[in-house]
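Open the model in a viewer and keep the selection tool at hand. The tour below goes from one selection to the next and says what is found at each stop.

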Amino acid sequence: MICISNLSKFYGNFQALYGINLEFPQGAVIGLLGPNGAGKTTLMRIISGYMPATSGTCIIDGIDIHENPREAQKAIGYLPEHPPLYPEMTVREYLGFAAGIKGVPKKSIPARIDAAAAQAGIEHRLNQIIGTLSKGYRQRTGIAQALIHEPKLLILDEPTSGLDPNQIIEIRNLITGIAAHRTVILSSHILPEVQNACKTIVIIHNGRVAAEDTHEGLAVKTSGGETIKVRVHENSESAAMLLKEKLSFQSSVAKDGIITLMDKDMSKKRGLIAKTLVHAGYDLLELSSASASLEEIFHKLTLSEKNSPGPDISE
Amino acid sequence: MRNIFLIARRELLSCFVSPIAYIIVSSFLFCAVYFFIGTTFTERSTDLSGVFANLAILVFMICPFMSMRLFSEEKKNGTIELLFTSPIDIMQIVIGKYFAALAIFCIMLAITLLYPLFLQIMSGVYWPKVLLHYLGIFLVGSAVLGIGLVCSALTENQIVAGILGVAISLSLLLISWISNQTTGVLRAVIDEITIMAHYQSFLKGIFDVRDIVYFMAWILFSLFLSAKILESGKWRN
């Protein structure tokens, strides 16, 4: 569905993207994650055909976005960071206009407006002037605009920025619903958002792809293995020593009564932990699998690359 | 064609929501009536060439403000991202917006037709010449709207676009006035390139295809230039 190869972007002398290579199949839900100014928006703008790359190619559904933007853009719905709304229009007028310029046949426009409004949850606001809508509803109108021509690929640039926690949850659920039927790329610097909604996570830092994998895959990569947390009633230090000796974990650390065990392959050892501890007479209180949170992964990846040559990027 | 129509219709819709359009149209009409009454009542003549000479100066001052918002507003609101990520050519966007501004200008001119109609009832006018005056002022307006369009593509601040447009159009006016003080090759060159010089033949009641070609070239050039400016903006961003 999306094939990006060796994509670079210069703003004057300043390089914002360094040879990005990414490939995603149809139906993928991709989260672009990175600190502010990492190049996420630049990458999304290039994929959506808003601006051209300096070098490299981006192929959407078999069509080069730079060579044949009009054809490729028929398959793309794009919501920029600030929804592109005309405040003086009603939601219906606006969606009708968006449908028209996106090539929806005139006859099917009213049906498409209703369908997109229903998907975005704004069907009862269709006759309201956009300028009088709340921020959450503006965002929904923006999403309805991106959906109006039933695109195969949906690009959402920070869809929840500036919303309150309730609105964030609503929009997140909305995106999860939409993602069931199409390929979605969504960017964020808010980690849980990406963690919940996206199957694939791409971490962008200083204009480069720092990592690309599923959440679990990233956790294994960055920590070097799976992690299990164990809580015993007392003597956690000696319990940690015992576990390391008997089951040979890569690391076994006891801190504040909690033992953190790490190893590359946990599948066989997982069952033996409880048995070993109980057998040795420890009171086992808790045993849980603890893959590194996205915050930790993100922090690790972006900080470890701090010394790379890429300069700071202002979007 | 459908895309051009959609862009133009949306632009017109927005235009008449903002007070700026009403202010511009009404001030133009107010000045136009003042010229009409002043000329016909003081000079006691049904020849409208003097009125139309004054109207052209008004057009030079007002038309850049009619097209100042066309792209500046889209850039400022970020709605240009919607247009640029839709399967639609930049040239279609430019033409659609230009037509919207032109439509408002035509409405303004159509309203001023009331005055020659009034004169017709009172004493009669020579319509072929009056219609030629109208064609002339329409072409002048189209050319000046083109200047405003280019300025609007340059900046996201509509006030800057408006003032820049007026500055350029008034400079052109000034150059054509200066040409009256010159002779020889310089005068010939200025007369070929300035809008006012080509408008003069319409005022005199002369229909010359070369003038039409001049205005057409001017309009096409400004449409082309606006499209190129927007396109290069996509590269620079």
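Begin with strand S14 of chain A, residues 284-289. None of its six residues is buried, so S14(A) lies largely in the open. Bear in mind throughout that this is a predicted model.

Now add strand S11 of chain A, residues 226-232, to the selection. S11(A) and S14(A) pair in the antiparallel sense, with five bridges between them. To see one of these pairs, pick Val230(A), whose bridge partner in S14(A) is Leu287(A).

Stay in chain A and select residues 251-255, strand S12, together with residues 258-263, strand S13. These two strands run antiparallel and are joined by five bridges. Ser251(A) stands opposite Met262(A) of S13(A). Two residues lie between the strands of this hairpin, and Asp256(A) takes a positive phi near 55° there.

Next, colour chain A by domain. Domain 1 covers 2-219 and domain 2 covers 224-289. How far apart are the centres of domain 1 and domain 2 of chain A? Taken over C-alpha atoms, the separation is 44 Å.

Move to the open sheet of chain A made of four strands, in the order S2-S1-S4-S5 with antiparallel pairing. Its edge strands are S2 (14-24) and S5 (63-64), each of which pairs on one side only. Within the sheet, select S1(A) and strand S4, residues 55-60 of chain A: the two run antiparallel and five bridges join them. One residue to pick is Ser5(A), which has Thr57(A) as its bridge partner in S4(A).

While S1(A) is selected, look at Asn6(A), which belongs to this strand (residues 2-11). Its phi is near 55°, a positive value in a residue other than glycine. Is Asn6(A) buried or exposed? Asn6(A) counts as exposed because it has 12 C-beta neighbours inside 10 Å.

Another residue to select for its backbone is Glu150(A), in the loop between helix H5 (135-147) and strand S7 (153-157) of chain A. Glu150(A) is not a glycine either, and its phi is positive, near 50°. With 16 other C-beta atoms within 10 Å, Glu150(A) is partly exposed.

Go on to Gly49(A), in the loop between helix H1 (40-47) and S4 of chain A. Why is Gly49(A) described as buried? The reason is that 23 other C-beta atoms lie within 10 Å, and the cut-off for a buried residue is 20 or more. Leaving out residues up to four places away in sequence, Gly49(A) touches Ile65(A), Pro69(A), Ala72(A) and Gln73(A), as well as Thr85(B) from the other chain. For a distance to check in the viewer, take Gly49(A) and Thr176(A): they are 127 residues apart in sequence and 25 Å apart in space, C-alpha to C-alpha.

The contact with Thr85(B) leads to the interface. Show both chains: 24 residues of chain A are in contact with 18 residues of chain B. On the side of chain A that touches chain B, the elements giving two or more residues are helix H2 (69-73), strand S6 (76-79) and helix H3 (91-101). H3(A) gives the most, with four residues. By type, the residues on this side of chain A divide into 14 nonpolar, six polar and four charged.

Turn now to chain B and select helix H8, residues 127-154. How many of the 28 residues of H8(B) are buried? The number is 21, and the helix is mostly covered. Its end C-alpha atoms are 41 Å apart, which agrees with the 40 Å that 28 residues should span at 1.5 Å a residue.

The last stop is the nonpolar interior. The largest nonpolar core has 137 residues, and the members that touch the most others are Leu95(A), Ile155(A) and Val184(A). H8(B) gives the most to this core, with 14 residues. Select Val184(A) and display its surroundings: apart from neighbours within four places in sequence, its contacts are Val29(A), Ile30(A), Leu154(A), Leu156(A), Ile175(A), Ile178(A) and Ala179(A). A second core, separate from this one, has twelve residues, among them Ile228(A), Val230(A), Val232(A) and Ile273(A). Val230(A) is the residue paired with Leu287(A) in S14(A), which brings the tour back to where it began.

Conventions:
Residues are numbered from 1 along each chain as its sequence is written. Chains are lettered from A and ligands numbered from 1 in the order in which they are written. This is a predicted model: local features need pLDDT of at least 70, side-chain atom pairs count only at pLDDT 80 or more; totals for chains, interfaces and linings use all residues. A nonpolar core is a set of buried Ala, Val, Leu, Ile, Met, Phe, Trp, Tyr and Cys residues joined through C-beta atoms within 7 Å. Two residues are in contact if their C-beta atoms, placed from the backbone, lie within 7 Å. Ala, Val, Leu, Ile, Met, Phe, Trp, Tyr, Cys and Pro count as nonpolar, Asp, Glu, Lys and Arg as charged, and the others, Gly among them, as polar. Two strands pair if DSSP finds at least two bridges between them. Domain bounds come from an automatic or database domain assignment. The expected span of a helix is 1.5 Å times one less than its number of residues.
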